[in-house]
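Trainee: I've got a model open and I'd like to learn how to read it. Can you walk me through it, feature by feature?

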Amino acid sequence: MQKIEMVDLRSQYERFKADIDSAIAGVISSTAFIKGPDVPLFEEELQRYLGVRNVIACANGTDALQIAMMALGLKPGDEVITTNFTFIATVEVIDLLGLKPVLVDPDPDTFNISVRALEKAITPRTRAIVPVHLFGQCADMEPIMEIAGRHGLHVIEDVAQATGAEYRFSDGTVKKAGTMGIIGCTSFFPSKNLGCYGDGGALFTDNNELATLIRSITNHGMKIRYYHDTIGVNSRLDTIQAAVLRVKLRHLDAFNEARQSAAAHYDRELSDVRGINVPVRAANSTHIFHQYTLRVEGGERNRLRECLENEGIPSMIYYPVALHMQKAYAHLGYLADDFPVTSRLTGEVLSLPMHTELSEEQLAYITGCIRSKFN
Ligand SMILES: *Cc1c(COP(=O)(O)O)cnc(C)c1O
């Protein structure tokens, strides 16, 4: 059996080697490393895939979030509500811009921002909400959009872990993650569902005016070369990365289906194991399994992780420390027990190997190992 990896980028590359190599070689021979033709072509192809008017590529997902907040004109002191159970990037850019991060607990089942907690956190200074579509399924966008509309708040979606996931509204409308709020922000970090061969990111919006502003911010705040109308940043997607992404976008649905079928295998073998909770599916979203994350009860999480490690099976804790307990964010002034759901989750979650190349043999080995330890 092939060695089990948390994320197996090599085997995936080997399957698409001819296409990827020729895409990269094409960029090198053109020497159009910045703003080469693959960048706008990739943007158009992703627009079509998502059903959104504008995709603006940038250097990474963290920049995408920062640029979104700059483009919306958020000002120091403005409050931005987000989940306390996410990757640090989400809250980092809020703080960097001098905005005030307001953290709320997630829902203990879906791991996504609790709509009830979110609504309670709104104050007269709240300007925006950043729902994160964690681990591959959408936050509950219908009530979030409704609450945002009622309070006049911007919704910036963090789609870094859910590119390709779909949300169904009660009227039957289906929308792709990142196309429901005013701006969607994603990452093409290599291990994401749509990943490139380095850093990359993008913003999505249906608002053409905002798209023009975002595009200028990504390129030093200029529309005409050397005329700077707004303060910007240098955040562009390399042409080589765009060329890789054009190849991989064609397979994104198949990649997500491969993850779903690995998840189905895990579900089938693990849902009856006592003390282990398989991921709960949100009612209105597809789940594209950026991560397959168990909740292990009874303080047994670390023991399970060690057992797996001894059998050559990697696993990861996303995330071991809640944002409000991170040293860098002590100034936010939260107390340890302000977020009981996050605190519980950080002690219980364990993510199993999840990628597009997991074989039946590997999956059976992983689930067999867990069953033998827990039954
Ligand atoms: C990966 C990630 C980001 C940041 O993306 P980078 O491209 O690594 O900057 C932001 N938010 C979430 C939820 C992520 O998982």
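Mentor: Sure. Keep in mind that this is a predicted model. Let's begin at the ligand: one of its oxygen atoms is 2.8 Å from an N or O atom in the side chain of glutamine 161.

Trainee: Which other side chains put a polar atom beside an oxygen atom of the ligand?

Mentor: Threonine 62 has a polar side-chain atom 2.5 Å from a ligand oxygen. For serine 187 the corresponding distance is 2.7 Å.

Trainee: How many residues surround the ligand, and which are the closest?

Mentor: There are 14 around the ligand, and the closest are Gly61, Thr62, Asp158, Ser187 and Lys192.

Trainee: OK, let's zoom out. How is the chain divided into domains?

Mentor: Domain 1 takes in 9-103 + 111-249, and domain 2 covers 252-374. Their C-alpha centres lie 25 Å apart. The contact draws 38 residues from domain 1 and 35 residues from domain 2.

Trainee: How do I put a number on an interface like that?

Mentor: People often give its size as the accessible area lost when the parts come together. Here, domain 1 and domain 2 bury about 3300 Å² between them, with 58% of it on carbon and sulfur atoms.

Trainee: Which residues of domain 1 lose the most area to domain 2?

Mentor: Asn84, Phe135 and Asn193, which together make up 22% of what that side buries.

Trainee: What about charges and polar groups? How many salt bridges does the rule find across the interface?

Mentor: Just one between domain 1 and domain 2. As for polar contacts, the rule finds 24 residue pairs across that interface.

Trainee: Which elements give two or more residues to the side of domain 1 that touches domain 2?

Mentor: They are α1 (9-30), α4 (89-96), β3 (100-104), β6 (166-168) and α8 (239-249). The largest share, four residues, comes from α1. By residue type, that side of domain 1 divides into 18 nonpolar, 12 polar and eight charged.

Trainee: And where do arginine 15 and glutamate 357 come in?

Mentor: Their side chains meet in a salt bridge, at 2.7 Å from N to O.

Trainee: Last topic, the backbone. Which peptide bond is cis?

Mentor: Look at the step from tyrosine 318 to tyrosine 319, where omega is near 5°. You'll find tyrosine 319 in the loop between α10 (301-310) and α11 (340-348).

Trainee: And what is phi of phenylalanine 135?

Mentor: Phi there is near 65°, a positive value in a residue other than glycine. Phenylalanine 135 sits in the loop between β4 (126-130) and α6 (141-151), and you've met this residue already among those that lose the most area to domain 2.

Notes:
Residues are numbered from 1 along each chain as its sequence is written. This is a predicted model: local features need pLDDT of at least 70, side-chain atom pairs count only at pLDDT 80 or more; totals for chains, interfaces and linings use all residues. Side-chain values use heavy atoms; hydrogens and water are left out. Domain bounds come from an automatic or database domain assignment. Contact means heavy atoms within 4.5 Å. Buried area is the accessible area (1.4 Å probe) that two parts lose on being put together, summed over both. A salt bridge is a side-chain nitrogen of Lys or Arg within 4 Å of a carboxyl oxygen of Asp or Glu. A polar contact is a pair of N or O atoms within 3.5 Å; within protein, one must be able to donate a hydrogen and the other to accept it, and residues adjacent in sequence count only if both atoms are side-chain atoms. Ala, Val, Leu, Ile, Met, Phe, Trp, Tyr, Cys and Pro count as nonpolar, Asp, Glu, Lys and Arg as charged, and the others, Gly among them, as polar. A residue is near a molecule or strand if one of its heavy atoms lies within 4 Å of it.
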